[in-house]
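Biologist: I should like to learn how to read the hollow spaces, the ligand site and the backbone of a model. Where should we begin?

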Amino acid sequence: MRHCIYPGTFDPITYGHLDVLERATRLFSRVTVAVAENPGKGPLFSPEQRLELIRTNVARHANVEVVIFGGLLVDFALSLKADAIIRGLRALSDFEFEFNMALMNRHLQPTVETLFVMPNEAYSYCSSSLVKQVAKYGGDVSHFVPPNVASALRTASGKA
Ligand code: COA
């Protein structure tokens, strides 16, 4: 029984994140999507809203749960006895940030391994910030986010 954590701010979740999650569900028998409170990133959606937006899209996976966490990721991973942290690498530009984060996490907790998967290249230029920016000015984000997220973005930008 292998268990991994898929952490992120998910402000909001995109099809790129969901692509990583699909891959994780095929590699691990249990996957916990861990929504970081991350107030420092000034998120548009509250942790509870982000969690709900994710939950609707993972309901069909019996082996996926979604939770909110604060504090250090490795402490949270340890408290769940997770075997690994999984992250997506979209392009070379992600590498330095992810590399540093994985090494810092390893320094803090050597027993928790970080694994990387490559999401579908169709989402290589998709990010939560870009999606929020496009939605804010009324652009179509339906290629990048599921319907419930597109609707929440419209509401948040007063374009509903
Ligand atoms: N498809 C599309 N976009 C993706 C993506 C994918 N597969 N993977 C990442 N992204 C984008 C996101 O949209 C987001 O874009 P944005 O910055 O423009 O909003 C960005 O890449 C990263 O967001 P996300 O994947 O949600 O994660 P994050 O980098 O914000 O999360 C944590 C970082 C939560 C894992 C990290 O801050 C953490 O562990 N925090 C807890 C505290 C801690 O332990 N700190 C020490 C860490 S060494």
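Modeller: On a 1 Å grid over the protein atoms alone, a cavity is a set of points where a 1.4 Å probe fits but cannot get out, while a pocket is an open set with protein on both sides within 12 Å along at least five of seven lines; lining residues have an atom within 4 Å of a point. Points are joined across faces, edges and corners, and a volume is the space filled by probe spheres set on them. The model is predicted, so to speak of a local feature a pLDDT of at least 70 is needed, and of side-chain atom pairs 80 or more, whereas totals for chains, interfaces and linings use all residues. Residues are numbered from 1 along each chain as its sequence is written, and side-chain values use heavy atoms, without hydrogens or water.

Biologist: How many cavities of 30 Å³ or more does a search of the whole structure find?

Modeller: The search finds one, and the largest cavity holds about 30 Å³ of space. Its lining consists of Ile85, Arg87, Glu98, Met101, Ala102, Asn105, Thr114 and Phe116. Two or more of the lining residues come from each of β4, α4 and β5 (113-117); helices (H or I, at least four residues) and strands (E, at least two) are DSSP runs, numbered from the N terminus. Helix α4 gives the most to this lining, with four residues.

Biologist: What is the make-up of the cavity lining by class?

Modeller: Ala, Val, Leu, Ile, Met, Phe, Trp, Tyr, Cys and Pro count as nonpolar, Asp, Glu, Lys and Arg as charged, and the others, Gly among them, as polar. The lining of the largest cavity has four nonpolar, two polar and two charged residues.

Biologist: What is the volume of the largest pocket, and which residues lie nearest its centre?

Modeller: The volume of the largest pocket is about 920 Å³. Its lining has 38 residues, with Gly8, Thr9, Lys41, Arg87 and Phe97 nearest the centre. The elements β1, α1, β4 (84-88), α4 and α5 each give two or more residues to that lining. Seven residues, the largest share, come from α4. By class, the pocket lining divides into 15 nonpolar, 15 polar and eight charged residues.

Biologist: Where does the ligand sit?

Modeller: A molecule sits in a cavity or pocket if more than half of its atoms lie within 2 Å of the grid points of that space. Here the ligand sits in the largest pocket.

Biologist: Which residues come nearest to the ligand?

Modeller: A residue is near a molecule if one of its heavy atoms lies within 4 Å of it. There are 26 residues around the ligand, and Thr9, Lys41, Leu73, Ser128 and Ser129 come nearest. At least two residues of this shell come from each of β1 (3-8), α1 (15-27), α4 (92-108) and α5 (128-136). Helix α4 gives the most, four residues. The shell comprises 12 nonpolar, 11 polar and three charged residues.

Biologist: Which polar contacts does the ligand make with the protein?

Modeller: A polar contact is a pair of N or O atoms within 3.5 Å; within protein, one must be able to donate a hydrogen and the other to accept it, and residues adjacent in sequence count only if both atoms are side-chain atoms. A polar backbone atom of glycine 16 lies 3.1 Å from a ligand nitrogen, and one of phenylalanine 10 lies 3.0 Å from a ligand oxygen. An N or O atom in the side chain of lysine 41 is 2.7 Å from an oxygen atom of the ligand. Taken alone, the ligand exposes 940 Å², of which the protein buries 83%; accessible areas come from the Shrake-Rupley method with a 1.4 Å probe, and for residues only the protein chains shown count as cover.

Biologist: What should one look for in the backbone?

Modeller: Most residues other than glycine have a negative phi, and most peptide bonds are trans. Phenylalanine 10 has a positive phi, near 50 degrees, and is placed in the loop between β1 and α1. Proline 12 is also found in the loop between β1 and α1, and a cis peptide bond, with omega about 0 degrees, joins aspartate 11 to proline 12.
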